[in-house]
Amino acid sequence: MEESLVRLNGTEVEATLPSADFGALFDAAPTPLLVVSPPDWVIVAANQARLAVTGTTRDALIGKKLFEAFPDDPGDPHADGTRNLAASLAKVLRTKMADTIALQRYPLRVAGGEFEERWWHPINAPVLGPEGEVAWIIHSVEDVTEQVLARQAADATRKKLQQGETVIETMQIAETELMATAASARSQAAELEQLYDRSPMGLALLDRELKFVRINEALAEMNGLPVEAHIGRTAWDIVPELRPSAEPALTKVLTSGEPALDVVVTGTTAAKPGVVREWREQFYPLKNTSGEVIGVGIVCDEVTERRALERRLRESEAHLRRVIDQLFAFVGTLTPDGVLTEAYQAPIEAGGISREDVIGKPFADAPWWSYDAQVQARLREDIAAAAAGATIRYDVPVAMAADSRVTIDFQLAPLRDDGGNITHLIASGVVIDDRIAAEAELRALNETLERRVREEASRREAAQQALLQAQKLEALGQLTSGIAHDFNNVIQAISAGFALIMKRTSDPQIIYIAEHSVKAAERGSSIVKQLLSFARQRPLEISRIDLCALLNEAKPLLERSAGAKANFSLDCPDDIGTVETDPGLLEAALINLVVNARDAICDHGCISVRVSRAVSDTGASHVTIAVEDDGSGMSPEVVARARDPFFTTKAQGHGTGLGLAMVHGFAQQCHGTLRIESEVGKGTVISIDLPQAKQTNCLAPEPEDIGGRKTILLVDDDSSVRSLVAYQLQDMGFHVVEAEDGSQALDLFDRQRARGLPIDAILTDVRMPRMDGPSFVRQVHSREPVPALFMTGYAEAAEINDAKVLNKPFEEQALAAAVRSLFSDR
């Protein structure tokens, strides 16, 4: 015999056959055969006998489904051929065993679509694949139509006979039943044969002399010899080492006729020499029709590995129990309703109790928990929850001997069987007193560390914020001072030009226009000063001012800043006195605050500016200017950040975040304070506290003819500023020599000296191309100590040391006073 792949009508089928041509044998078989493949029962092969008996061709069948090729007669309501055949095929697919139908009426469709009466005796047998699956089913039939029709004809003839009909009918029924019984017996015998040969259990039949009559492959492998080597030999010839444990039971079965069940047989066999193995065997008596015992049937199951596993498991459990008994850990099992069934020894001894005190009793009533009824109540609830499938875990104190306490990490969890059913609860716990103490120390350490980290983080954040603000101010200062020089030059030229126009005309309209233009220039100058002051790029020009007069003069501007729909009011007592501040910056600060108030009320509401006098705790008098609105107000978080540069709550494009920051910086530079009081939905009050000024009288002198034909060297790179300042100096009586930078001015100075024309004073800009003002003055002073006055739109004190400085833009009176001081100091 050998394994080969054979081809049935073009389909490869694996089989174990002699080396003969399987395809030829299949095609030449006299029995009509079909091969179908599950699950759709597609026909993959048909032999010549099948084609002949059904009157079909191979091309008409191959690839078609069985019941499409051979359907039931649709005109026959009692047709059951396809149903019975389908049931038989399904049975073979399910059981992997052959199935026989004793007799089946199955009409056959012939040419013209008519159905011809046919009777068949079908047998369906499986062909198994390499994995043990049903790959194909061989469907064989025996056409018994002639026999059945002959019987039917005979039956019809017999029915005509009046005598003997009952006997004949009885014989016919008996004959049919006999045929069916024989077919069923053949099928059952085939099934039993397959079951016997393929069973994983060891099976054998012994005669009365205990000789093997039959044995399956499984038992032969256990004994270590092939099946054929057993037949005719006694059991002790094959497995002599098993005789002591097996022979008494076998002898008893032969003598008593009763089975011997669960017989333990141990010993060695040729399959594994030297290895002691163990079997659990069943011995059944075999009897003849007279009831005499003629042999013994054996069913054998090897349990060697199972017994070894059970033994190792018992040893492991015993070892584990010894280990756990040495640990102070509670491990116990409970029934689902909370009765303790097992507990390890350590907690029993530590609790000063015995096993009898707790085993078989409710776990919640054990002495470990009896110190507190609430603990017991909770434990009962936890047992119910664990019995429902939950896992419970928490820390809980446990009572020990001498009424002492330890804290354990306690857990209660369900134990399930293979079906997922909860059979027990597992209670466990370990002492955690050391851990709790360590955790407490760790928490205290963490709290200390966290506090220090918070303090350090707060300190660093404050330092970082301070650095950030300083960097912002530095950047703003650099930007501001970068444009201030040029802007101040423009303002200086405008204000000086209009001042000259007013002096040179008597036309009231021109004078009116010039005066307003000068005021506009002064406003621009105030804005630049405000930016430079905020950026710490210029010192405040603090002077003593009449506060009420300033506010009344600024009232129209403040009202316009408040908006047409706001109800604006100004309250300043006449006797409020004077304050020391920079008037331009104070006015700008108030405009900022009023604009913020307008935005807070959304153009509908009240805005007031109130002035009052107060005395501080130190006894110093100060004046408070409060700007109040009834708008939306601010939260404490917003109030805390309101003074920060660039912080704003306005929409993008509607605020720079510099307003309050500039007011705050101005108040500090004036040695005052800025206070903010606000509540969401109730409005805001922002107050500026300024020191009260002492009363003195100091009026600025009017410009006069102070030149006395003295010569001043005027140096400025801006031609507009230079020309207009020259006109102002000439109006004061000076002779003016002009230069556009320090280098040109030095040449002029040297030529003047060479011609014997002295330069009496120098008025120079600070920053100029080629040679700046300070460098030029140093060159002059190396020749002659001529008094010098610097003009600047910056705050360059570091560059010009203690020299006299006139900040741009300046009025004619300020210019006259500064020049006069040059000559009065000589």
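**Salt bridges in a predicted model**

The side chains of Arg-355 and Glu-342 come together in a salt bridge, with N and O 2.8 Å apart. That pair links distant parts of the chain: Arg-355 lies in helix 13, residues 355-358, and Glu-342 in strand 17, residues 340-343, with their positions 13 residues apart. Keep in mind that this is a predicted model.

How exposed are these two partners? Arg-355 is partly exposed, at a relative accessible area of 28%. Glu-342 is partly exposed too, at 24%.

In total, the structure holds 34 salt bridges. As background, side chains of opposite charge can pair when their charged atoms come close.

Next, a pair within a helix. Arg-378 and Asp-382 form a salt bridge through their side chains, at 3.8 Å from N to O. Why are they about one helical turn apart? Because they sit four residues apart in helix 14, which covers residues 373-387. Is Asp-382 buried or exposed? At 9% relative accessibility Asp-382 counts as buried, because the cut-off for buried is under 20%. Its partner Arg-378 is partly exposed, at 40%.

The third pair is Glu-456 and Arg-460, a salt bridge whose closest N and O atoms are 2.7 Å apart. Both belong to helix 15, residues 433-503, and they are four residues apart, so about one helical turn separates them. Glu-456 is partly exposed, with a relative accessible area of 28%. Arg-460 has 54% relative accessibility and counts as exposed, because the cut-off for exposed is over 50%.

Last, a network. Arg-393, Asp-395, Asp-409, Arg-435 and Glu-439 are joined into one network by salt bridges that share partners.

Notes: Residues numbered from 1 in each chain as written. Predicted model: local features only at pLDDT ≥ 70, side-chain atom pairs only at ≥ 80, totals over all residues. Heavy atoms only, no water. Salt bridge = Lys/Arg side-chain N within 4 Å of Asp/Glu carboxyl O. Helix = DSSP H or I, 4+ residues; strand = E, 2+ residues; numbered from the N terminus. Buried < 20%, exposed > 50% of the residue type's maximum accessible area, 1.4 Å probe, protein only.
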